[in-house]
Number of protein chains: 2
Amino acid sequence: MKLIDFINTNNQLSDIEKELIVNNVEVRTIANKDYFVKSGTRSNEIGFVTSGIFRYFFYDGDGNEVTSHFMAEDELVGSITSFFEFTPSAGSIQAVTDCELIIINRDSWDLFCSEIPQWETSIQKKINEVILRKANFQRSLINSDAKNAYLKFMNTFPSLAQRVPLNYIASYLGITPFSLSRIRKAIASL
Amino acid sequence: MKLIDFINTNNQLSDIEKELIVNNVEVRTIANKDYFVKSGTRSNEIGFVTSGIFRYFFYDGDGNEVTSHFMAEDELVGSITSFFEFTPSAGSIQAVTDCELIIINRDSWDLFCSEIPQWETSIQKKINEVILRKANFQRSLINSDAKNAYLKFMNTFPSLAQRVPLNYIASYLGITPFSLSRIRKAIASL
DNA sequence: TAGTTTTCTTGCCAAATGGCAAGTATTCCT
DNA sequence: AGGAATACTTGCCATTTGGCAAGAAAACTA
């Protein structure tokens with residue numbers, strides 16, 4: 001199971017622990033455009049994406065929808081703040097393709113925390129890595145013009161560029177879909 | 001001592017613990033333009049700013065200097081990654097005004113961790129808050145035009161707008177100093 | 001305080017991006 | 001397959017921002 005590999009980077013999990021995990025997670029499919037988390041609700045699940053792509057989005061002060069994060073295969077998906085701090089999620093998480101994921105609900109989470117010593121720190125580490133990468137990437141967008149932003153996006157997330165609707169990528173990069181369309185055209189003709 | 005107030009938000013510190021802290025920190029002044037952390041070196045100190053402002057900056061792929069963070073009064077200053085992961089700092093931290101800070105070196109840090117139960121989690125929480133605020137603010141810059149970016153900056157960091165050289169603010173916002181100068185003029189004439 | 005350096009402002013123009021309308025392509029659904 | 005909805009492209013023009021040069025203002029230094 002992919003989730004096991006994800007956590008078991010140091011091969012520290014016993015067979016019993018692995019079984020515990022397998023027996024306490026749920027495999028779920030979510031169709032394109034359906035939601036995994038809806039804004040304003042408390043999220044009691046963390047997912048691990050086995051196929052497909054999700055996006056996190058929210059509405060800014062002016063009511064514009066902003067896509068601020070993508071979560072694809074072999075990554076965790078979830079409203080981290082909502083899950084860990086028991087607060088309503090500020091944004092929504094929506095499937096951008098048909099998706100399959102492994103669900104860890106709060107009970108299982110607590111179970112794993114108590115039964116598997118390295119569980120919590122291992123996951124926390126992964127989450128921190130993601131947040132840091134995300135923050136660094138966003139930082140780099142701030143000083144980029146539209147074209148460079150897209151080039152960076154393609155380099156950093158090559159698999160997303162083709163699979164995510166242009167709309168969402170444009171929002172993620174802070175440019176208009178029109179500009180992105182033109183930029184793609186310009187890049188294609190090199 | 002300001003540092004004590006910073007940590008002791010829940011009034012859990014005993015007098016002995018407070019004394020331990022006071023006796024194991026160092027007060028230091030750093031003149032405008034001097035460095036607290038130099039890029040490429042391992043940082044073994046965390047500071048708490050009692051007066052003045054610092055900036056964190058690095059060089060992007062094209063060799064341009066980018067100011068990505070400011071640290072002012074009553075905030076922690078330091079290359080967090082470098083300190084906690086014993087790695088060379090990717091960027092530098094430089095005083096933007098004459099500064100005074102309280103230094104916690106690694107020995108004191110370890111001492112506080114072992115002697116003061118709430119030390120580590122309390123600080124970690126503060127750091128996480130800062131990182132999250134920073135990430136959210138940067139996110140909001142991505143979808144802002146130059147003028148709105150500056151307006152947000154003024155709202156979010158009102159005290160910095162006047163005290164930090166325009167140059168650094170422009171870099172932080174991802175716009176040119178020329179643009180920022182014009183934006184300021186436009187705002188002033190409202 | 002006079003001179004030097006640094007920082008900031010301004011004018012001019014070029015380039016990049018946005019806004020919008022219309023049209024094309026693609027996907028979705030039955 | 002046919003029609004409807006959604007997503008994307010393109011042209012036109014307005015606006016914003018960048019780049020650069022020159023000069024003004026402010027800060028620093030001796």
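Which element gives the largest share of the surface near DNA strand C? In this predicted model, the answer is α9(B), with 6 residues. The protein surface around DNA strand C comprises 17 residues. Those that come nearest are A:D145, A:A146, A:S179, B:P165 and B:S181. Both chains take part. Chain A gives two or more residues from α6 (146-156) and from α9 (177-188). Chain B does so from α8 (166-173) and α9 (177-188). By class, the surface near DNA strand C holds 7 nonpolar, 5 polar and 5 charged residues.

DNA strand D is likewise surrounded by 17 residues. Here A:P165, A:S181, B:D145, B:A146 and B:S179 come nearest. At least two residues each are supplied by α8 and α9 of chain A and by α6 (146-156) and α9 of chain B. The largest share, 6 residues, belongs to α9(A). The class division near DNA strand D is 7 nonpolar, 5 polar and 5 charged.

One of the residues nearest DNA strand D, A:P165, sits in the loop between α7 (158-163) and α8 of chain A. A:P165 has 13 other C-beta atoms within 10 Å and is therefore partly exposed; the exposed class ends at 12. Along the chain, A:P165 and A:R139 are 26 residues apart. Their C-alpha atoms lie 23 Å apart in space.

The helices that supply these surfaces also pack against one another. In chain A, the axes of α8 (residues 166-173) and α9 come within 9 Å. They cross at roughly 105 degrees, so α8(A) is roughly perpendicular to α9(A). On the α8(A) side, the contact is made by A:L166, A:N167, A:I169 and A:A170. These meet A:P177, A:L180 and A:S181 of α9(A). The residues of this contact are 5 nonpolar and 2 polar, with no charged residue.

In chain B, α6 and α9 form a further helix pair. Their axes come within 10 Å and cross at roughly 70 degrees. The pair α6(B) and α9(B) is therefore roughly perpendicular. B:A146, B:K147 and B:Y150 of α6(B) meet B:S179, B:L180 and B:I183 of α9(B). By class, this contact has 4 nonpolar residues, 1 polar and 1 charged. Two of its members, B:A146 and B:S179, are also among the residues that come nearest to DNA strand D.

The contact between the protein chains takes 11 residues from chain A and 11 residues from chain B. On the chain B side, β5 (65-71) and α5 (119-142) each supply at least two residues. The largest share of that side comes from α5(B), with 6 residues. The side of chain B that touches chain A divides into 4 nonpolar, 5 polar and 2 charged residues.

In soluble globular proteins, nonpolar side chains tend to be buried together. The largest nonpolar core of the model has 80 residues. Within this core, A:F54, A:L173, B:F54 and B:L173 touch the most other members. Leaving aside residues up to four places away in sequence, B:L173 touches B:L141, B:A149, B:Y150 and B:F153. Among these, B:Y150 also takes part in the contact of α6(B) with α9(B).

Several exposed residues complete the description. B:V22 lies in helix α2 (residues 15-23) of chain B. With 12 C-beta neighbours inside 10 Å, B:V22 counts as exposed, because the class includes counts of 12 or fewer. B:V22 is 21 residues from B:M1 along the chain. Their C-alpha atoms are separated by 7.9 Å.

Two residues of chain A have positive phi values without being glycine. A:N11 has a phi of about 55 degrees. A:N11 lies in the loop between α1 (2-7) and α2 (15-23). Its 5 C-beta neighbours inside 10 Å make A:N11 exposed. For A:K33, phi is near 75 degrees. A:K33 belongs to the loop between β1 (26-30) and β2 (35-37). A:K33 has 10 C-beta neighbours inside 10 Å and therefore counts as exposed.

Technical notes
Residues numbered from 1 in each chain as written. Chains lettered and ligands numbered in written order. Near = placed C-beta within 6 Å. Helix = DSSP H or I, 4+ residues; strand = E, 2+ residues; numbered from the N terminus. Nonpolar A, V, L, I, M, F, W, Y, C, P; charged D, E, K, R; others polar. Contact = placed C-beta atoms within 7 Å. Axes fitted to C-alpha atoms, helices over the stretch in contact; angles between N-to-C directions. Parallel < 35°, antiparallel > 145°, perpendicular 65-115°, else oblique. Buried ≥ 20, exposed ≤ 12 C-beta atoms within 10 Å, placed from the backbone. Core = buried A, V, L, I, M, F, W, Y, C linked by C-beta atoms within 7 Å.
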